Amino acid sequence: MAEFDSLQIRKVDGGLLLIFRELLLRRRASAVASQLGLSPSAISHALTRLRDAFGDPLFIRRSHGLEPTQRALELGPQIEQLIGLLGSAIGGAGGFDPGESQRRFRIVCPDHFATMLAAPLVEAFRREAPNATFSTRPAYLEHALRAVRRDEADVALGVFDQLPRGLAGRLLFEDDYCVIARVGHPTVQGAVDARTYITIGHVFVGNPDGMLADDTAYDRKAMSASYGENPGPALIRSHAYFAEWETVMLLVAESDVLADCPRHLAQRFAARLGLQVLAPPYPPFKMPVQAVRRTDAPDAGVDWLMEKIADALT
């Protein structure tokens, strides 16, 4: 090893790597200090050492917090891999032990996947990994994949046309759209035809200009393609647009409007909300829902999480 390399390596230790990872995730020195049980001055000193070791500012102070430089974003996956290797070396060959782990897992996904995932995944953690935690936050399409690539998330859930190099997906299920109406609806009972679908009144997830909002952008392409020669949103009598599927489902359960809804979500809550799950009067289309992870380093913890997510959603 060159003398220069040896000197540079001596500037970095495992503690600095952990601080770098937390800074990249949380973007606020105070939050990192709280998470790691360190003082703010210790985080500031560590950041100075990191900048010296890597020859880059790494994090720029902005009004909203610390903004990572391009170099910091590039280092993120490499440092995460180093932390994983160190953990494996120190912990031996035992791999991930959910019963002992205190790891915080990070999932990015559309809101309604989090709704479907919440109860069974919380129960799995309570039963198998009582000291570990997970969080979800909304991210879609390339934003979700970017979060995984940058190690801002462990797993991304959604419908993705293509996966970039370094990421791998596991098919969880194929979804499609259904129409939902309340049980006891005065007009719709067990089926809905095209004329009723057009005229009876709809509520949508999205906005009047683009049909589907950014928070459901993952299925905009599929939804648009499905209508084809069939009545599109512009021809349907619409009453309101909302940001979340959950709001729409609750509204449909308490009124006589209809809504298109991802079938798996509707089926999960239909009995509880008193909803009919109906075939739409347009050709069905499939949306393959995947769980996506990084492939650059083995991670037994993410292996376990992927299994629990699959169990929760299938």
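"How many bridges join strand β7 to β10? Let's start there. This is a predicted model, by the way. The count is 4, and they link β10 to β7, residues 177–182, with the two strands running antiparallel. If you want a spot to click on, take Y177, which sits opposite P262 in β10.

Okay, zoom out a little. That pair belongs to an open sheet of 3 strands, and the order goes β10-β7-β11, paired antiparallel. The edges are β10, at 259–262, and β11, at 275–278, and each of those pairs on one side only. Neighbouring strands in this sheet are turned against each other by 40° on average, ignoring direction.

Next up, a helix pair. Helix α6 covers residues 111–128 and helix α11 covers 263–273; their axes come within 10 Å and cross at roughly 45°. So we call α6 oblique to α11. As for handedness, the crossing of these two is left-handed. Who's doing the touching? From α6 you've got H112, T115, M116 and P120, and from α11 it's H264, L265, R268 and F269.

Last bit, the whole chain. We're looking at 12 helices and 12 strands. There are 314 residues, and 45% of them are buried. The accessible surface comes to about 15,600 Å², with 52% of that belonging to carbon and sulfur atoms. And if you take contacts between residues at least 6 apart in sequence, 75% join residues at least 24 apart.

That's my tour, thanks."

Conventions: Residues are numbered from 1 along each chain as its sequence is written. This is a predicted model: local features need pLDDT of at least 70, side-chain atom pairs count only at pLDDT 80 or more; totals for chains, interfaces and linings use all residues. Side-chain values use heavy atoms; hydrogens and water are left out. Two strands pair if DSSP finds at least two bridges between them. Axes are lines fitted to C-alpha atoms, for helices over the stretch in contact, and angles run from 0 to 180 degrees between N-to-C directions. Buried means under 20% relative accessible area, exposed over 50%, partly exposed in between (1.4 Å probe, protein chains only). Contact means heavy atoms within 4.5 Å. Accessible areas come from the Shrake-Rupley method with a 1.4 Å probe; for residues, only the protein chains shown count as cover. Angles under 35 degrees count as roughly parallel, over 145 as roughly antiparallel, 65 to 115 as roughly perpendicular and the rest as oblique. A crossing is left-handed if the near helix is turned anticlockwise from the far one by less than a right angle, and right-handed if clockwise.
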